[in-house]
Amino acid sequence: MKKVSSIIAATALMISVSAASFAAAPAKKPAKKAPVKEWTFAVFLNADNNLDRFGVEDQEEMARVGSNENLNVVTLIDRERGPAQINYIEKGNIKKIKDMGEMDMGDYNELVKFAKFIKENYPAKHYMIGIWNHGSGWKAKQDEVVRGVSYDDSSNNHITNDQLAIATKEIAQVLGQKIDIINMDCCLMGMAEVAYAIKDNCEYFVGSEETEAGKGTPYDDVLKGWKTGMTPKQLASHWVDAYAASYNGGSQGRDDSTQSAYDLSKTDALLDAMDGFAKAIMSGKYADKVMTAAGKTVKFAYPQNIDLLHFLKNLRPEVQGDTSLITAMDKVEKAAKAMIINNKTTGRYYNKYEEAQGIAVYLPSNLAIESKYLTLDYSKKVMWDDMLMALRQQRDVQKAVEKITKGDFKPLRSAISEAKKNPRSAYVKALLRELNYAAYTEKRIKSQDKSEFERLFKELKNTMQAK
């Protein structure tokens, strides 16, 4: 009992002292809110790959100008074989703000978390979010979708285009506004398919149709040209000018480059016009003409990526007199030019990209479409892939008809086999229609082949009708 009483007494004394201590302690001052500046440049700098040294150099470029009373410049950099950290870029100083440890910069959630940090610590009226790394435009490798951005060699992960759509949506929610400018200091991202992914949550987009040189964006030149009161549209356009000037004998020397700025509010109008063009193409026989035009069009590191406006320019002479298609093409051209607010190209020896007019699109000149392209959100909403498939089918049917009318019946026998497996085959239906016209209207089947042709043709029709 004595021991218990002592403990109770001691406890009461401690509570009394603690209460007195709390009463005497001065109240904590509320945390000072960060000032709201005019702009914050936040760069998600994924150098955890073979671009590591360029990431260090780009931070040094930023520090030649640095932040000021109206501008925050902040990076989240993950080094190759090293931990990540958040830096505040001052003039002449790269100031570490926070250690982040090893990060997976290929996880889009980390991009969103970075945006939350920026909003809480470096609020602004306008935000430029930069994604710094490799980019791949559209590329297929062993039928795997690898299109995207921010490749992290430690995790072997990257942000896909569909994930980019999710990330920008979440970032806009965090910021309480659309991202004013999203810059992709990466290769091959200046495409209609990429614009589709980010159009609803970003105002402007700056990117490259082609691969970028290792030095990438000349951040010192961009920041030098930034002025108080500059609108997002003005800054996006200035970005393109500064980029091109740097590779045209400026700070980065001389090299091949493409760079464009896009008003993403015009994206839907472009996609609607592309749908109209796709419908016009699918209404006629244009496979050969499209392939001819695509073959002449400027291509980028992945030859399936071609310049949309240059393609239309090359298609015009192929379809002269087709007023409905020309009208559809005019609408695409007008919409694309409204969306592209600035476009510049440079060349080391000659400008091989002078016909790169600002926005690329997926159009393989041989019409061999990667199957995974059809799984993109873009392909589910835009008719471009439907057009490509229709053209591919049209081309295959044309080839088959040419062979059959010359006495080679292998394609006809193959069609019979396909009809037995799939009596609703769109290809077989199209082949039947074209063969009927070639054989009985144009009378292109040779007399010595008529008997065998009619036997096989009848078998094909009966097979389609039987199921």
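Here are some notes on this predicted model, starting with confidence and then moving through two helix pairs and three residues.

1. Start with how far to trust the model. The average pLDDT for the protein is 87, and 88% of the residues score at least 70. By element, the low end is helix H1 (residues 2-24), with a mean of 34, and the high end is helix H7 (residues 232-246), at 98.

2. Two stretches call for some care when you look at the picture. Residues 1-30 stay under 50 in pLDDT, and the model gives them 0 contacts beyond four places in sequence. Residues 136-146 are also below 50, but here the model does show 38 contacts beyond near neighbours in sequence.

3. Now for the first helix pair, H3 and H4. Helix H3 covers residues 108-121 and helix H4 covers residues 161-175; their axes sit 9 Å apart, at an angle of about 15°. Angles under 35 degrees count as roughly parallel, so that is the label for H3 and H4. The crossing of H3 past H4 is right-handed.

4. What does each helix bring to the contact between H3 and H4? From H3 come Tyr108, Leu111, Val112, Ala115, Lys116 and Lys119. They meet Gln163, Ile166, Ala167, Glu170, Ile171, Val174 and Leu175 from H4. Sorted by class, that makes 9 nonpolar, 1 polar and 3 charged residues.

5. The second pair is H10 (residues 308-315) with H11 (residues 323-339). Their axes are 10 Å apart and the packing angle is about 155°. Since anything over 145 degrees counts as roughly antiparallel, H10 is roughly antiparallel to H11. H10 passes H11 in a left-handed crossing.

6. On the H10 side of that contact you'll find Leu308, Leu309, Leu312 and Leu315. Facing them in H11 are Met329, Val332, Glu333, Ala336 and Lys337. The split here is 7 nonpolar, no polar and 2 charged residues.

7. Next, have a look at Ile129, in strand S5 (residues 124-132). Its relative accessible area is 4%, and the cut-off for buried is under 20%, so Ile129 is buried. Setting aside neighbours within four places in sequence, Ile129 is in contact with Ala42, Leu111, Ile179, Ile181, Ile182 and Asn183. Take Ile182 from that list: it is 53 residues away from Ile129 along the chain, yet their C-alpha atoms are separated by 4.9 Å. Leu111 is worth a second glance too, as it is also one of the H3 residues that meet H4.

8. Thr217 is in a loop, the one between strand S11 (202-207) and helix H6 (219-225). Is Thr217 buried or exposed? It is buried, with a relative accessible area of 0%. Beyond residues up to four places away in sequence, Thr217 touches Asp58, Glu61, Asn183, Asp185, Val222, Trp239, Tyr243 and Gln252. Asn183 will look familiar, since it is in contact with Ile129 as well.

9. Finally, go to Leu223, which is in helix H6. Leu223 counts as buried, at 4% relative accessibility. Which residues does it touch, not counting those up to four places away in sequence? They are Phe41, Met62, Val65, Leu71 and Val73. For a distance to check on screen, try Leu223 and Ala242: they are 19 residues apart along the chain, with 9.4 Å between their C-alpha atoms.

Terms used: Residues are numbered from 1 along each chain as its sequence is written. This is a predicted model: local features need pLDDT of at least 70, side-chain atom pairs count only at pLDDT 80 or more; totals for chains, interfaces and linings use all residues. Side-chain values use heavy atoms; hydrogens and water are left out. pLDDT is the predictor's confidence in each residue, from 0 to 100. Helices (H or I, at least four residues) and strands (E, at least two) are DSSP runs, numbered from the N terminus. Contact means heavy atoms within 4.5 Å. Axes are lines fitted to C-alpha atoms, for helices over the stretch in contact, and angles run from 0 to 180 degrees between N-to-C directions. Angles under 35 degrees count as roughly parallel, over 145 as roughly antiparallel, 65 to 115 as roughly perpendicular and the rest as oblique. A crossing is left-handed if the near helix is turned anticlockwise from the far one by less than a right angle, and right-handed if clockwise. Ala, Val, Leu, Ile, Met, Phe, Trp, Tyr, Cys and Pro count as nonpolar, Asp, Glu, Lys and Arg as charged, and the others, Gly among them, as polar. Buried means under 20% relative accessible area, exposed over 50%, partly exposed in between (1.4 Å probe, protein chains only).
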